[in-house]
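Here's a quick briefing on the side-chain contacts and the metal site in this structure. Have a look at the model first, then go through the points below.

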Amino acid sequence: MCIACREMKTKEELLRIIKQKDGSFTFNPKAMGRGAYVCRSQECVQLCMKKKLLNRAYKTNIDETVYKQLLEEYAGLDKD
Ligand SMILES: [Zn+2]
């Protein structure tokens, strides 16, 4: 489920953010850890940044750089 629009989507439609055991975040789909999902859409990625939805999803204060990474991840996908 997307944490921004709360719609159920298939894995292909979602970006996965994983919180690893050491507390760092990754976008590697093969990484182990607690995952949160956001649609591969400008709308949901922006909403996630604006409302800091990852903070809510993980119940912790998440660094701005993680949100920037999310945007970059999305922008990277957009290119191809
Ligand atoms: Zn969404």
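**Contacts around the rings and the metal**

Start with Lys 52, which lies over the face of Tyr 67, 5.2 Å from the ring centre. Keep in mind that this is a predicted model. Beyond that contact, there are two salt bridges, one aromatic pair and a tetrahedral zinc site to go through.

**Lys 52 and the salt bridges**

- Lys 52 also has a charged partner: its side chain meets that of Glu 64 in a salt bridge, at 3.0 Å from N to O.
- Glu 64 belongs to helix H3 (residues 64–79), while Lys 52 sits in the loop between helix H1 (42–50) and H2, so this bridge ties together parts that are 12 residues apart in sequence.
- Lys 52 is partly exposed, because its relative accessible area is 31%.
- Glu 64 comes out as partly exposed too, with a value of 39%.
- The structure's two salt bridges also include the one between Lys 9 and Glu 7, where the N to O distance is 3.8 Å.
- Lys 9 has a relative accessible area of 29%, so it counts as partly exposed.
- For Glu 7 the figure is 45%, which again means partly exposed.

**The aromatic pair**

- Searching the whole structure turns up one aromatic pair.
- The partners are Phe 25 and Tyr 58, arranged edge-to-face, with 5.2 Å centre to centre and 75° between the planes.
- This pair links distant parts of the chain: Phe 25 is in strand E2 (residues 25–26) and Tyr 58 is in helix H2 (residues 53–58), 33 residues apart.
- Buried or exposed, what are Phe 25 and Tyr 58? Both Phe 25 and Tyr 58 are buried.

**The zinc site**

- Four cysteine SG atoms serve as the protein donors of the zinc ion: those of Cys 2, Cys 5, Cys 39 and Cys 44, at 2.2 to 2.3 Å from the metal.
- The site is tetrahedral, and the angles among its four donor atoms run from 101 to 113°.
- For reference, the ideal angle for four tetrahedral donors is 109.5 degrees.
- Along the chain, the zinc donors follow the spacing C-x2-C-x33-C-x4-C.
- Cys 5 is in the segment before strand E1 (14–19) and Cys 44 is in helix H1, so the two tie together parts that are 39 residues apart in sequence.
- Cys 44 is buried, because its relative accessible area is 7%.
- Cys 5, at 30%, is partly exposed.

Key. Residues numbered from 1 in each chain as written. Predicted model: local features only at pLDDT ≥ 70, side-chain atom pairs only at ≥ 80, totals over all residues. Heavy atoms only, no water. Phe/Tyr/Trp six-rings, centres within 6.5 Å; stacked < 30°, edge-to-face > 60°. Helix = DSSP H or I, 4+ residues; strand = E, 2+ residues; numbered from the N terminus. Buried < 20%, exposed > 50% of the residue type's maximum accessible area, 1.4 Å probe, protein only. Lys NZ or Arg CZ within 6 Å of the ring centre and 35° of its normal. Salt bridge = Lys/Arg side-chain N within 4 Å of Asp/Glu carboxyl O. Donors = N, O, S within 2.8 Å, 3.2 Å for Na, K, Ca; no water. Tetrahedral: all angles 85-135°; square planar, octahedral: opposite > 155°, others 65-115°.
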